[in-house]
Amino acid sequence: MKNKYIKRSHISEAQFRKILQCFANDFDSYSTADISGVSRRSIQKYFQKVRNRIVEWVSNEQPFSGEVEVDESYFGPRRIRGKRGRGAGQKVLVLGILKRGGNVYTQIIPRATKSNILPILQGKILDETTVHTDGWKSYDGLIDVNNFKHYRVYHSKDEFVRGKSHINGIESFWSFCKRRMRKQNGVKKDKFLIHLKESEWRWNHRHDNLYQILLKKLRENPL
């Protein structure tokens with residue numbers, strides 16, 4: 001069956017366009033199956049393929065410059081009683097870099113240490129960029145890295161804005177990302193990366209027509 005968006009497809013192009021429209025609208029697999037007339041199992045397979053492709057697309061994002069915000073956030077089950085602070089419980093730790101008014105980049109890291117964080121910042125942020133962070137000790141010494149201009153707010157002192165220094169943008173992204181994952185009724189750990197990168201892609205194209213982007217990209221390079 002001819003379908004210019006999927007190689008060796010067993011569904012029609014019209015059906016796949018319905019599936020893609022549902023994906024762009026962030027519908028779940030149950031709703032998409034009802035709308036498209038395709039089995040939920042097949043919907044999950046196509047959604048997985050699209051998400052894998054999104055991971056490839058976002059890996060080509062260019063380094064940031066100008067004013068950026070850097071922060072980390074934990075994803076996963078509720079914290080275990082008695083475990084507190086960065087690293088509490090069986091959570092996945094994600095580092096985020098956001099250009100104010102622009103795109104975001106995320107990367108899973110094992111621990112919130114300087115040795116894990118600084119190499120990522122050096123690779124994703126251009127020289128002489130203004131970097132805003134909170135007061136976490138792993139950001140110490142940023143001013144000596146790539147001539148970054150480093151400004152901080154100290155949440156531990158109930159300080160959330162100091163002049164133009166804040167990390168409200170990246171915190172808005174964390175909220176957006178976690179809301180999306182809650183809609184999935186939880187995300188399995190082995191699928192976490194593709195859902196994280198999907199959220200990153202959706203945020204970066206929040207002012208665009210996602211359906212048209214998907215059609216164009218998959219027409220150029222079918223699944």
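Let's start with the sheet. In this predicted model, five strands make up an open sheet, and their order across it is β3-β2-β1-β4-β5, with mixed pairing. At the edges sit β3, residues 104-108, and β5, residues 149-153, each of which pairs on one side only. From one strand to the next, the twist averages 25°.

As a reminder, strands of a sheet pair through backbone hydrogen bonds, in either the parallel or the antiparallel sense. Take the β5 end here. Strand β4, residues 130-134, pairs with β5 in the parallel sense, and five bridges are found between them. To find the register on screen, look for Thr-130, which stands opposite Lys-149 in β5.

Now the helices on the sheet. Helix α4, residues 114-124, packs on it and touches β1 (67-75), β2 (92-99) and β3. The direction of α4 makes about 30° with that of β2. Helix α6, residues 192-204, also packs on the sheet, touching β1, β2 and β3. The direction of α6 makes about 170° with that of β3.

Next, one residue in a loop. Ser-138 lies between β4 and β5. Is Ser-138 buried or exposed? Its relative accessibility is 5%, and the cut-off for buried is under 20%, so Ser-138 counts as buried.

What does the side chain of Ser-138 reach? One partner is the backbone nitrogen of Lys-114, at 3.4 Å. Another is the side chain of Trp-136, through a polar contact of 3.0 Å. Leaving aside residues up to four places away in sequence, Ser-138 touches Ala-112, Thr-113, Lys-114, Ile-117 and Leu-118. For orientation, helix α4 covers residues 114-124, so keep that helix in view when you look at Ser-138 and its contacts with Lys-114, Ile-117 and Leu-118.

Last, a pair of helices. Helix α1, residues 13-24, packs with helix α3, residues 40-58. The angle between them is about 65°, and their axes are 11 Å apart. The crossing of α1 and α3 is right-handed.

Which residues make the contact? From α1 they are Phe-16, Ile-19, Leu-20 and Phe-23. From α3 they are Ile-43, Tyr-46, Phe-47, Val-50, Arg-51 and Ile-54. By class, the residues of this contact divide into nine nonpolar, no polar and one charged.

To recap: a five-stranded open sheet with mixed pairing, a buried serine, Ser-138, in the loop between β4 and β5, and a right-handed crossing of α1 and α3.

Notes
Residues are numbered from 1 along each chain as its sequence is written. This is a predicted model: local features need pLDDT of at least 70, side-chain atom pairs count only at pLDDT 80 or more; totals for chains, interfaces and linings use all residues. Side-chain values use heavy atoms; hydrogens and water are left out. Two strands pair if DSSP finds at least two bridges between them. Helices (H or I, at least four residues) and strands (E, at least two) are DSSP runs, numbered from the N terminus. Axes are lines fitted to C-alpha atoms, for helices over the stretch in contact, and angles run from 0 to 180 degrees between N-to-C directions. Contact means heavy atoms within 4.5 Å. Buried means under 20% relative accessible area, exposed over 50%, partly exposed in between (1.4 Å probe, protein chains only). A polar contact is a pair of N or O atoms within 3.5 Å; within protein, one must be able to donate a hydrogen and the other to accept it, and residues adjacent in sequence count only if both atoms are side-chain atoms. A crossing is left-handed if the near helix is turned anticlockwise from the far one by less than a right angle, and right-handed if clockwise. Ala, Val, Leu, Ile, Met, Phe, Trp, Tyr, Cys and Pro count as nonpolar, Asp, Glu, Lys and Arg as charged, and the others, Gly among them, as polar.
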